[in-house]
Every structure is written in C-alpha cells, then in structure tokens.
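Biologist: Could you take me through the sheet in this model, strand by strand, and then tell me what the cysteines are doing? I would enjoy a close look.

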Amino acid sequence: MESSRAIVTGATGFIGQALCRELVAQGVTVQAICRRPFTLPDGVEPIVCNLLDREALTRTLERSRSDYVYHLAGFTQATREVGAVIEAFGGNLAPAVYLLTA
C-alpha cells in the first residue's frame with residue numbers, strides 16, 4: 001500500500017485513530033473526513049466535510065483522488081426512545097450510500 005492514498009471517515013474514534021496510525025506507518029497518504037476540526041494522529045490531513053452533505057462529499061472525494069476509502073463513521077445515541085431510530089437510520093445509512101455513489 002506504500003505510496004497510495006486513503007480517506008478515512010470516523011478517524012477521530014478509537015478504531016479510526018488506530019487505522020490512521022497504521023496506514024501512515026505503511027507509507028500511505030491519509031486524509032480524514034471530519035464534521036469539525038479535530039486533533040488527528042500525526043501525518044493525517046483533516047478535511048472538514050459533513051457526510052450528510054452529498055454534494056460537498058462528492059467534491060471532497062473527487063479532489064482527494066484516493067485509492068481507498070475506509071468508512072468507520074457512525075451515529076450512535078444512548079437512548080431507548082423509538083424516535084431516535086429515524087435519526088440513527090438517516091445518520092448511518094445516508095452517509096454510506098453517499099460514499100458509495102460518489
């Protein structure tokens with residue numbers, strides 16, 4: 001994978017940070033899509049983009065020219081309310097579909 005390019009979503013999470021560190025160690029150029037500026041592992045370039053903004057996400061992926069996309073972002077909410085299902089559904093399924101179609 002040396003000299004390849006990768007984008008990681010969910011790079012601020014435990015698994016995402018570990019993946020970013022490993023990719024950088026293997027010589028991969030790593031970019032991370034985040035909703036807001038955040039501290040990332042050394043060698044990872046942050047890209048501020050909301051995964052629910054389909055047009056911005058498409059532009060971001062086109063500009064990145066990545067060889068790989070690792071989608072680890074997800075929406076969780078610690079509640080038992082039935083209404084949270086719709087928000088979780090939209091926050092998890094839509095970004096995955098937008099990434100796949102972009």
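Modeller: Happy to; here is the sheet, followed by the cysteines. This is a predicted model, in which local features need pLDDT of at least 70 and side-chain atom pairs count only at pLDDT 80 or more, while totals for chains, interfaces and linings use all residues. Residues are numbered from 1 along each chain as its sequence is written, and side-chain values use heavy atoms, with hydrogens and water left out.

The sheet is open and has 4 strands in the order β3-β2-β1-β4, with parallel pairing. Strands here are DSSP runs of E, at least two residues long, numbered from the N terminus, and two of them pair if DSSP finds at least two bridges between them. At the edges stand β3 (44–48) and β4 (68–71); each has a single partner strand, so one side of each lacks a neighbour in the sheet. From one strand to the next, the twist averages 25°, with axes being lines fitted to C-alpha atoms and angles running from 0 to 180 degrees between N-to-C directions. Strand β1 (residues 5–9) pairs with β4 in the parallel sense over 4 bridges, and A6 lies opposite Y68 in β4.

As for the cysteines, the whole structure holds 0 disulfides, a disulfide being a pair of cysteine sulfur atoms within 2.5 Å. The closest cysteine sulfur to that of C20 is in C34, 8.3 Å away, which is too far for a bond. For C49, the nearest cysteine sulfur is also that of C34, at 10 Å. C20 is buried at 0% relative accessibility, and C49 is buried at 6%, where buried means under 20% relative accessible area (1.4 Å probe, protein chains only).

Definitions and conventions. Buried means under 20% relative accessible area, exposed over 50%, partly exposed in between (1.4 Å probe, protein chains only).
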